[in-house]
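Okay, thanks for making room for me this week. Let me get the model up on the screen, and then I'll talk you through it.

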Amino acid sequence: MIQATGLTKEFSHRGGTVVALRDATLTLPKGELAVALGPSGSGKSTLLNLIGGLDRPTSGSLSVGGTDLASLNHDGMALFRREHVGFLFQAFHLLPTFTVYENVTLPLVPLQMTQQERANRVTQALDRVGIAHRADHLPGELSGGEQQRAALARALVNSPQVLLADEPTGELDEVTGEAIIGLLEGLSRESGITVLLASHDRRFRERGYRLLTLENGSLVGDTGSSAPTPEGDAQ
Ligand SMILES: Nc1ncnc2c1ncn2[C@@H]1O[C@H](COP(=O)(O)OP(=O)(O)OP(=O)(O)O)[C@@H](O)[C@H]1O
Ligand SMILES: [Mg+2]
């Protein structure tokens, strides 16, 4: 469902050009949980940002859930993100003056639906990640793990096909981080969401997850798909 061929991203700056991602080719099926591993500056965030439609490749092709991202204009990219992608970040990025409930509602504001449906979706997302009991709290009144759960609910509320998580456990202790990883694993397995996680945490090496190893912008290792073959899924 995610297909990248020869994906390359260059950044130009005064001193020259940085190749942040070089000629990456990969396919991530529906329901896969893959971890992009590599040292700082190896291109992990660049890969996630391209797949999430936050940035455009310099060359190569990229299709996500059947959408050819190169064919989209600026507004098309925004619509693609809104409808198909959930993002989770290291620093949570919750709006501090909005409650958890309001933060999770935000991605639905531009989407057409009844108030009742909006409320149902928010409640469902909050329940799914176990944070419903904190719905009326402000982010500043939550622990780090609870903030990341709230951010995960926000990432899920639009029922994304793809969830991109950039160092989602970077600011959490080990046990709290494990709970978040467990939730992500459940989402890929039970809800068929394709989850791509970026991390330099070596713990991921021992998990049996698909590992995409990046070095200096190049995809130097790929342990191959571990997702079950979905029945009747042609994407
Ligand atoms: N907007 C930008 N302009 C110029 N160079 C950039 C830009 N974004 C990233 N780069 C460069 O591209 C390379 C890859 O960056 P990227 O952020 O993808 O790395 P990363 O693997 O996510 O690192 P980290 O683990 O530190 O988050 C780095 O050399 C970085 O300096
Ligand atoms: Mg990064």
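One term before we look at any strand: a residue is called buried here if 20 or more other C-beta atoms lie within 10 Å of its own, exposed if 12 or fewer, and partly exposed in between. And keep in mind that this is a predicted model.

With that in hand, look at strand 8, residues 194-199. Thr194, Leu196 and Ala198 point one way, Val195, Leu197 and Ser199 point the other way, and all are buried. Put as a count, 6 of the 6 residues of strand 8 are buried.

So who are the neighbours? On one side there's strand 3, which pairs with strand 8 in the parallel sense over 5 bridges. Ala34 stands opposite Leu196 there. Then there's strand 7, residues 162-166, also parallel to strand 8 and also joined to it by 5 bridges. In that pairing Leu163 stands opposite Val195.

Val195 is a nice one to click on. Leaving out residues up to four places away in sequence, Val195 touches Leu33, Leu163, Ala165, Leu184, Leu187 and Ser188.

Let's keep walking across the sheet. Strand 3, residues 33-37, is also joined to strand 9 by 4 bridges, and those two run parallel. Ala36 has Leu212 as its bridge partner in strand 9. From strand 9 we go on to strand 10, residues 218-222, again with 4 bridges, but this time the strands run antiparallel. Thr213 is bridged to Gly221 in strand 10. Strands 9 and 10 make a hairpin with 2 residues between them, and Asn216 in the turn has a positive phi of about 55°.

Which face of strand 9 is covered, and which is uncovered? The covered face has Arg210, Leu212 and Leu214, while Leu211, Thr213 and Glu215 sit on the uncovered one. Strand 8, by contrast, has buried residues pointing both ways.

Right, zooming out. The protein chain has 6 helices and 10 strands. For 235 residues, a compact globule would have a radius of gyration near 18 Å, and the chain comes in at 17 Å, which agrees. The C-alpha trace spans about 45 × 45 × 40 Å along its principal axes, and 40% of the residues count as buried. If you like contact order, here's one for you: of the contacts between residues at least 6 apart in sequence, 71% join residues at least 24 apart.

Now the core. The largest nonpolar core has 57 residues, and Ile51, Ala153, Leu163, Leu164, Val195 and Leu196 have the most contacts inside it. Helix 5, residues 144-156, gives the largest share of this core, 6 residues.

Helix 5 also holds Arg154. Is Arg154 buried or exposed? Buried, because 28 other C-beta atoms lie within 10 Å, and the cut-off is 20 or more. Beyond four places in sequence, Arg154 touches Asn103, Val104, Leu106 and Pro107. Arg154 and Phe87 are 67 residues apart in sequence, yet their C-alpha atoms are 8.5 Å apart in space.

On to the ligand. There are 13 residues around ligand 1, and the closest are Phe11, Ala20, Ser40, Ser45 and Thr46. The elements giving two or more residues to that shell are strand 1 (2-13), strand 2 (16-28) and helix 1 (44-51). Helix 1 gives the most, with 3 residues. By type, the shell divides into 3 nonpolar, 9 polar and 1 charged.

Last stop, for anyone who checks backbone torsions. Asp23, in strand 2, has a positive phi of about 55° although it isn't a glycine. Asp23 has 15 C-beta neighbours inside 10 Å, so it counts as partly exposed. Phe92 is another non-glycine with positive phi, near 65°, and it lies in the loop between strand 6 and helix 3. Phe92 counts as buried because it has 21 C-beta neighbours inside 10 Å.

Phe98 is in the loop between strand 6 (85-89) and helix 3 (100-105) too. With 14 C-beta neighbours inside 10 Å, Phe98 counts as partly exposed. The C-alpha atoms of Phe98 and Gly140 are separated by 10.0 Å, with their positions 42 residues apart along the chain.

That's my tour, so shout if you want to go back to any of it.

Definitions and conventions. Residues are numbered from 1 along each chain as its sequence is written. Chains are lettered from A and ligands numbered from 1 in the order in which they are written. This is a predicted model: local features need pLDDT of at least 70, side-chain atom pairs count only at pLDDT 80 or more; totals for chains, interfaces and linings use all residues. A residue is near a molecule or strand if its C-beta atom, placed from the backbone, lies within 6 Å of it. Ala, Val, Leu, Ile, Met, Phe, Trp, Tyr, Cys and Pro count as nonpolar, Asp, Glu, Lys and Arg as charged, and the others, Gly among them, as polar. The radius of gyration is taken over C-alpha atoms; the globule rule is 2.2 Å times the number of residues to the power 0.38. Two residues are in contact if their C-beta atoms, placed from the backbone, lie within 7 Å. A nonpolar core is a set of buried Ala, Val, Leu, Ile, Met, Phe, Trp, Tyr and Cys residues joined through C-beta atoms within 7 Å. Two strands pair if DSSP finds at least two bridges between them.
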